[in-house]
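This report walks through a protein model one region at a time, and it is meant to be read with the sequence and the picture side by side.

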Amino acid sequence: MGGGGASEFLIQLFPFIALFAIMYFLVLRPQQRRVKEHREMVTNVRRGDVVVTAGGLVGKVTKVDDAEITVEIADNVRVRVVKSTLAEVRSKSEPVPANANSPS
């Protein structure tokens, strides 16, 4: 009678394992993918890109630093934004040269 104890334990444990597997594939894995995509987006932001911040500001990137970017939200109105607060990059552009004002 004592031999069936291990198999009964596994049968009782199976719903918990199945629930964890379902949670992993429906919640955790897509969230990890979104975090990875956001990290890549933030890393690849360049001058001239039009971005949207988490606060809803839309503007053009004028300067990129390690942790911050400078965004022009209106003519001669620039704000510093922490890179990780970017919600999306609306339009990717060719990188603007640092000396854009000098004639070619």
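A salt bridge is a side-chain nitrogen of Lys or Arg within 4 Å of a carboxyl oxygen of Asp or Glu. By that rule the side chains of Glu88 and Arg90 form a salt bridge, with a distance of 3.9 Å from N to O. The model in which this pair is found is a predicted one, and the values in this report are computed from it.

**Overall layout**

The protein chain contains one helix and five strands, and when it is read along the sequence these elements follow the pattern α-β-β-β-β-β. Of the 104 residues in the protein chain, 18% are buried. The accessible surface of the protein chain comes to about 8,100 Å², and 59% of that surface belongs to carbon and sulfur atoms. If one takes the contacts between residues at least 6 apart in sequence, 41% of them join residues at least 24 apart.

**The salt bridges**

How many salt bridges does the structure hold? There are two, and the general idea behind such pairs is that side chains of opposite charge can pair when their charged atoms come close. Besides the pair of Glu88 and Arg90, a salt bridge joins Arg80 to Glu68, where the closest N and O atoms are 3.1 Å apart. This pair links distant parts of the chain, since Arg80 belongs to strand S4 (residues 77-82) and Glu68 to strand S3, 12 residues apart. The table shows how far each of the four partners is open to the surroundings.

| Residue | Relative accessible area | Class |
|---|---|---|
| Glu68 | 26% | partly exposed |
| Arg80 | 64% | exposed |
| Glu88 | 36% | partly exposed |
| Arg90 | 53% | exposed |

Arg80 counts as exposed because its relative accessibility of 64% is over the cut-off of 50%, whereas Glu68, at 26%, counts as partly exposed.

**The nonpolar core and a surface patch**

In soluble globular proteins, nonpolar side chains tend to be buried together. In this model the largest nonpolar core has 10 residues, namely Met41, Val42, Val45, Val51, Val61, Ile69, Val71, Val81, Leu86 and Val89. The elements that contribute two or more residues to this core are H1, strand S3 (68-74) and strand S5 (86-91). One of the core residues, Val81, is in contact with Thr53, Ala67, Glu68, Ile69, Val71 and Leu86, when neighbours within four places in sequence are left aside.

Nonpolar residues also appear on the surface, where Leu19, Phe20, Ile22, Met23, Tyr24, Phe25, Leu26, Val27 and Leu28 form a patch with about 900 Å² of accessible area together. Phe25, a member of this patch, is placed in helix H1, which covers residues 5-43.

**Strand S1 and the loops beside it**

In the loop between H1 and strand S1 (50-53) lies Asp49. Is Asp49 buried or exposed? Asp49 is buried, because its relative accessible area is 0%, and a polar atom of the Asp49 side chain lies 2.9 Å from the backbone nitrogen of Arg46.

Further along, Thr53 lies in strand S1 and counts as buried at 8% relative accessibility. Apart from neighbours within four places in sequence, Thr53 is in contact with Val81, Thr85, Leu86 and Ala87. Ala54, by contrast, is found in the loop between S1 and S2 and is exposed, with a relative accessible area of 64%. Not counting residues up to four places away in sequence, Ala54 touches Thr85 and Ala87. Ala54 and Ser84, although 30 residues apart in sequence, have C-alpha atoms 9.1 Å apart in space.

**Two loops around strand S3**

The loop between strand S2 (58-64) and S3 holds Asp65, which counts as partly exposed at 35% relative accessibility. The C-alpha atoms of Asp65 and Lys83 are separated by 8.8 Å, while along the chain these residues are 18 residues apart.

The loop between S3 and S4 holds Asn76, which counts as exposed at 73% relative accessibility. Most residues other than glycine have a negative phi. For Asn76, however, phi is near 60°, a positive value in a residue other than glycine.

Definitions and conventions: Residues are numbered from 1 along each chain as its sequence is written. This is a predicted model: local features need pLDDT of at least 70, side-chain atom pairs count only at pLDDT 80 or more; totals for chains, interfaces and linings use all residues. Side-chain values use heavy atoms; hydrogens and water are left out. Patches are made of residues with over 30% relative accessible area and no salt bridge: like charges are joined within 9 Å, nonpolar side chains (Val, Leu, Ile, Met, Phe, Trp, Tyr) within 5 Å. Accessible areas come from the Shrake-Rupley method with a 1.4 Å probe; for residues, only the protein chains shown count as cover. Helices (H or I, at least four residues) and strands (E, at least two) are DSSP runs, numbered from the N terminus. Buried means under 20% relative accessible area, exposed over 50%, partly exposed in between (1.4 Å probe, protein chains only). A polar contact is a pair of N or O atoms within 3.5 Å; within protein, one must be able to donate a hydrogen and the other to accept it, and residues adjacent in sequence count only if both atoms are side-chain atoms. A nonpolar core is a set of buried Ala, Val, Leu, Ile, Met, Phe, Trp, Tyr and Cys residues joined through side-chain atoms within 4.5 Å. Contact means heavy atoms within 4.5 Å.
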